[in-house]
Amino acid sequence: MNIRRKTLLTAIAPLLLAGIAQAETDEASTAAIYACADTSDDAARLACYDAAVGRLKAAEEAGEITTITREEVENVQRDTFGLSLPSLPAIAMPRFGGDPDDDGQLDTITSRVTDIRRNSYDYVVVTLENGQIWRQTEGGRFSLRGIEEAEIRRAALGSFKMKLDGGRAFRVKRIQ
């Protein structure tokens, strides 16, 4: 084999190997892009990056994937606070900052009260500025005059507690 062929094979081999590895992981993801960093040959690494970014861009343009910001995730968490949505946590409850004790869930929300009334069972029903409606689930009666703000926090066993204008906490359930 002459020197030119050896040189050509030496230059093309990493590209071919990168193409084979790329075909095996033909996915549109950031993981595919990060995998390119392990390629030692500069030309092969660039080819890997170009292909992975191309797949990611095509998938995004086709509407198969999208990226969301931390602010968008936090908005979803606020909007869905108190609802049982078993398929949502993988999307809306990521761990930010790498804290192993952080389960990614929002623990407390505070909102302005737009309406407050008692239902036929004499339980309090509170409508918040964001459209959420919460109903008292345990006994106890208190004044509803002049209430402006509600704070709702997670409690034991998947329940929630509400404080109206910093008063005493009572158990609630989100109904809308």
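**Exercise 1. In which order do the six strands of the closed barrel run, and with what pairing?**

*Solution.* The model under study is predicted.

Step 1. Begin with the inventory: the protein contains five helices and six strands. Along the sequence these elements follow the pattern α-α-α-α-α-β-β-β-β-β-β.

Step 2. Determine the order in space. The closed barrel runs S1-S2-S3-S6-S5-S4, and its pairing is antiparallel. On average, neighbouring strands of this sheet are turned by 45° against each other, direction ignored.

Step 3. Recall the general principle: strands of a sheet pair through backbone hydrogen bonds, in either a parallel or an antiparallel manner.

**Exercise 2. Identify bridge partners for selected strand pairs of the barrel.**

*Solution.*

Step 1. Consider S1 with S4. Strand S1 (residues 108-118) pairs with strand S4 (residues 149-154) in the antiparallel sense, over five bridges. Ser-111 has Ala-150 in S4 as its bridge partner.

Step 2. Proceed to S2 with S3. Three bridges connect strand S2 (residues 124-128) and strand S3 (residues 133-136), again in the antiparallel sense. Here Val-126 finds its bridge partner, Trp-134, in S3. The hairpin of S2 and S3 has four residues between the strands, and Gly-131 in this hairpin takes a positive phi near 95°.

Step 3. Follow S3 to its pairing with S6. S3 and strand S6 (residues 170-174) are antiparallel and share three bridges. Gln-136 stands opposite Val-172 in S6.

**Exercise 3. Locate the disulfide, assign its handedness and classify its cysteines as buried or exposed.**

*Solution.*

Step 1. A search of the whole structure yields one disulfide. Cys-36 is joined to Cys-48, with an S to S distance of 2.0 Å; the cut-off for a disulfide is 2.5 Å.

Step 2. Place the two ends. Cys-36 lies in helix H2 (residues 30-36) and Cys-48 in helix H3 (residues 42-61), twelve residues apart.

Step 3. Assign the handedness. The torsion about the S-S bond of Cys-36 and Cys-48 is about -75°, and therefore the disulfide is left-handed.

Step 4. Apply the burial criterion, under 20% relative accessible area. Cys-36 has a relative accessibility of 0% and so counts as buried. Cys-48, at 13%, likewise counts as buried.

**Exercise 4. What percentage of the 176 residues counts as buried, and what is the accessible surface of the protein?**

*Solution.*

Step 1. Of the 176 residues, 26% count as buried.

Step 2. The accessible surface of the protein comes to about 11,900 Å², and carbon and sulfur atoms hold 52% of that area.

Step 3. Turn to contacts with a separation of 6 or more: residues 24 or more positions apart account for 47% of these.

Methods: Residues are numbered from 1 along each chain as its sequence is written. This is a predicted model: local features need pLDDT of at least 70, side-chain atom pairs count only at pLDDT 80 or more; totals for chains, interfaces and linings use all residues. Side-chain values use heavy atoms; hydrogens and water are left out. Helices (H or I, at least four residues) and strands (E, at least two) are DSSP runs, numbered from the N terminus. Buried means under 20% relative accessible area, exposed over 50%, partly exposed in between (1.4 Å probe, protein chains only). Contact means heavy atoms within 4.5 Å. Accessible areas come from the Shrake-Rupley method with a 1.4 Å probe; for residues, only the protein chains shown count as cover. Two strands pair if DSSP finds at least two bridges between them. Axes are lines fitted to C-alpha atoms, for helices over the stretch in contact, and angles run from 0 to 180 degrees between N-to-C directions.
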